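Okay, everyone, thanks for squeezing me in. I'll put the structure up and then walk you through the ligand site and a few backbone oddities.

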Amino acid sequence: MSCQTKGKNAWYKAVIIITVLGITAIVALVTTAVLQNKPLLQKYKYGIVLDAGSSHTAVYIYEWPAEKDNDTGRVQQTHSCKVQGAGISSYSVFPGQAGASLKSCMKEAESLIPLSRHLETPLYLGATAGMRLLRMENQSLSDQVLWSVEEVLQSSPFSYQGARIITGQEEGAFGWVTVNYLSDRLKQGSGTTGALDLGGASTQISFVANQDVAEESAENAVTFRLYGNDYFLYTHSFLCYGKDQALKLALAQQTQSGDSSVLDPCFHPGYSVDRSYFSVYSSPCVMAGKPLVSRDSFTHVGAGNASLCQEVVRRIFNFSSCSFSRCSFNRVYQPPLQGPFGAFSAFYFVMNFLNLTSGSLESSREKLERYCSRPWTQIKQQHPDVKEKYLAEYCFSGSYILSLLTDGYNFTSDTWTDITFIKKISGSDAGWTLGYMLNLTNMIPAEAPDTPPLPHAGYVTLLFFISLLLFFLLFLCFRFLWPHRNSQTQMI
Ligand SMILES: Nc1ncnc2c1ncn2[C@@H]1O[C@H](COP(=O)(O)OP(=O)(O)O)[C@@H](O)[C@H]1O
Ligand SMILES: [Ca+2]
């Protein structure tokens with residue numbers, strides 16, 4: 001009996017020692033693995049893009065881990081600054097002052113980006129439809145506006161890479177790149193999402209379509225090779241079909257008679273504002289001539305009827321002829337829609353305000369009908385903090401968006417739910433700027449980068465379980481092969 005107890009004690013001691021040693025070994029192994037592979041103190045690089053839109057300019061600052069320039073490191077937006085005042089194209093009267101408007105946002109960028117990174121931080125400015133229209137009207141004025149912003153940007157401490165008017169194709173295609181980059185669809189090579197961008201002066205539609213887009217309409221075809229995958233993109237930018245220019249087109253339709261007042265179904269009952277004919281007809285988008293009347297202004301009166309408004313809006317599109325196999329509107333080729341779609345910028349601002357970001361097309365129509373019919377005084381009372389220009393126009397803008405998406409792009413009740421109205425994806429704004437910078441800095445490689453077979457967390461977990469298994473096997477060996485144990489069994 002005493003021999004048995006002695007044997008047992010020795011056995012327990014050995015088990016305890018082996019367990020402690022085993023656990024210590026596993027902890028040491030896993031800690032070493034974690035520490036060895038722990039990323040070094042993260043350092044970031046930065047890039048700045050100015051989006052000089054028709055209504056305003058915004059400065060976006062992006063950052064990405066320094067050691068992952070064109071690898072898997074995610075570029076993300078860290079800050080955005082809204083430039084005070086209107087877009088740079090509105091400085092056509094005093095072009096020299098366009099640059100000065102950017103100064104305070106540029107100072108903000110200087111204070112946010114570490115001093116040591118200033119010199120190597122690329123800085124771009126891309127101007128969109130407002131400047132395209134100004135260039136159409138007066139190339140010399142648009143050049144002077146660009147020189148003025150160039151002067152200010154060149155004097156900043158960043159690595160200035162140029163200010164230019166980007167093309168509608170670029171605006172559409174880079175919006176698509178941004179949305180798909182941020183939702184991580186490019187690296188996975190999985191299905192992509194189309195992009196719908198509504199600005200003040202133009203609107204863009206981009207989605208992956210069949211390769212024959214290039215055969216039917218080369219100007220609408222863009223190809224990308226990203227992370228080892230080829231993408232054939234259909235893209236089109238409709239100049240003059242941003243929501244501010246679309247409103248001018250709709251008002252021009254309704255003021256052709258030259259009357260002193262216009263009863264507009266796209267504005268709330270009780271709304272009444274005097275507008276100059278010049279403000280409607282001065283845009284190069286408005287082809288119809290100013291009516292031959294002596295008066296300078298008309299009273300814009302709201303009638304608040306969304307279905308009548310949709311009829312007014314429909315008249316600004318031309319559906320009469322199409323020289324391709326199929327068209328959206330204004331004789332522009334459009335292949336069959338391939339969803340899903342992300343709709344951003346003013347698509348989001350308007351639909352979010354109207355609470356129409358979810359639900360069926362029919363319910364959106366009904367909600368809009370109710371909203372448009374509400375008196376203007378009531379709307380103003382309910383939203384004292386919303387800019388009055390936006391507030392007055394939401395009924396028009398909502399009706400325009402429904403008409404553009406259904407009559408224009410051919411979305412139906414069935415495909416309506418393919419559209420997601422989005423502002424940001426993983427903290428970064430949806431828009432063309434990120435895609436533009438990724439492209440110009442070659443940050444999306446054409447081929448897929450080599451990655452280790454296992455992510456870091458997976459590697460540590462695997463290591464842990466293998467160690468545990470080894471320890472268990474050791475324990476089993478010891479349990480069955482220990483000589484004392486055998487002799488004990490014999491004695492009993
Ligand atoms: N909160 C908001 N509510 C409604 N509309 C908005 C809001 N913020 C911005 N917008 C509108 O979004 C549009 C942005 O267009 P912008 O990018 O300036 O022009 P473009 O892309 O055509 O050059 C403008 O029509 C602007 O009035
Ligand atoms: Ca824009």
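**Backbone oddities and the ligand site**

So, let's start with N355, which counts as exposed because its relative accessibility is 56%, and the cut-off for exposed is over 50%. Keep in mind that this is a predicted model. N355 sits in the loop between α11 (346-353) and α12 (361-372), and its phi is near 60°, so a positive value in a residue that isn't glycine. For context, most residues other than glycine have a negative phi, and most peptide bonds are trans.

Now C240, where phi is also positive, near 85°. You'll find C240 in the loop between β9 (229-239) and α8 (243-254). Is C240 buried or exposed? Buried, because its relative accessibility is just 10% and the cut-off is under 20%.

One more for the backbone fans: the peptide bond from G339 to P340 is cis, omega near 0°. P340 belongs to the loop that runs between α10 (306-314) and β13 (341-345).

Okay, on to ligand 1. Its shell has 17 residues, with S54, S55, T128, A201 and Y394 the closest. By type, that shell splits into 6 nonpolar, 8 polar and 3 charged.

Which polar contacts do we get? The side chain of S55 puts an N or O atom 2.6 Å from a ligand oxygen. A polar backbone atom of A201 is 2.8 Å from an oxygen of ligand 1, and D244 has a polar side-chain atom 3.0 Å from a ligand oxygen. On its own, ligand 1 has 580 Å² of accessible area, and the protein covers 89% of that. As for elements, α8, α11 and α14 (388-408) each give two or more residues to the shell.

Definitions and conventions:
Residues are numbered from 1 along each chain as its sequence is written. Chains are lettered from A and ligands numbered from 1 in the order in which they are written. This is a predicted model: local features need pLDDT of at least 70, side-chain atom pairs count only at pLDDT 80 or more; totals for chains, interfaces and linings use all residues. Side-chain values use heavy atoms; hydrogens and water are left out. Helices (H or I, at least four residues) and strands (E, at least two) are DSSP runs, numbered from the N terminus. Buried means under 20% relative accessible area, exposed over 50%, partly exposed in between (1.4 Å probe, protein chains only). A residue is near a molecule or strand if one of its heavy atoms lies within 4 Å of it. A polar contact is a pair of N or O atoms within 3.5 Å; within protein, one must be able to donate a hydrogen and the other to accept it, and residues adjacent in sequence count only if both atoms are side-chain atoms. Accessible areas come from the Shrake-Rupley method with a 1.4 Å probe; for residues, only the protein chains shown count as cover. Ala, Val, Leu, Ile, Met, Phe, Trp, Tyr, Cys and Pro count as nonpolar, Asp, Glu, Lys and Arg as charged, and the others, Gly among them, as polar.
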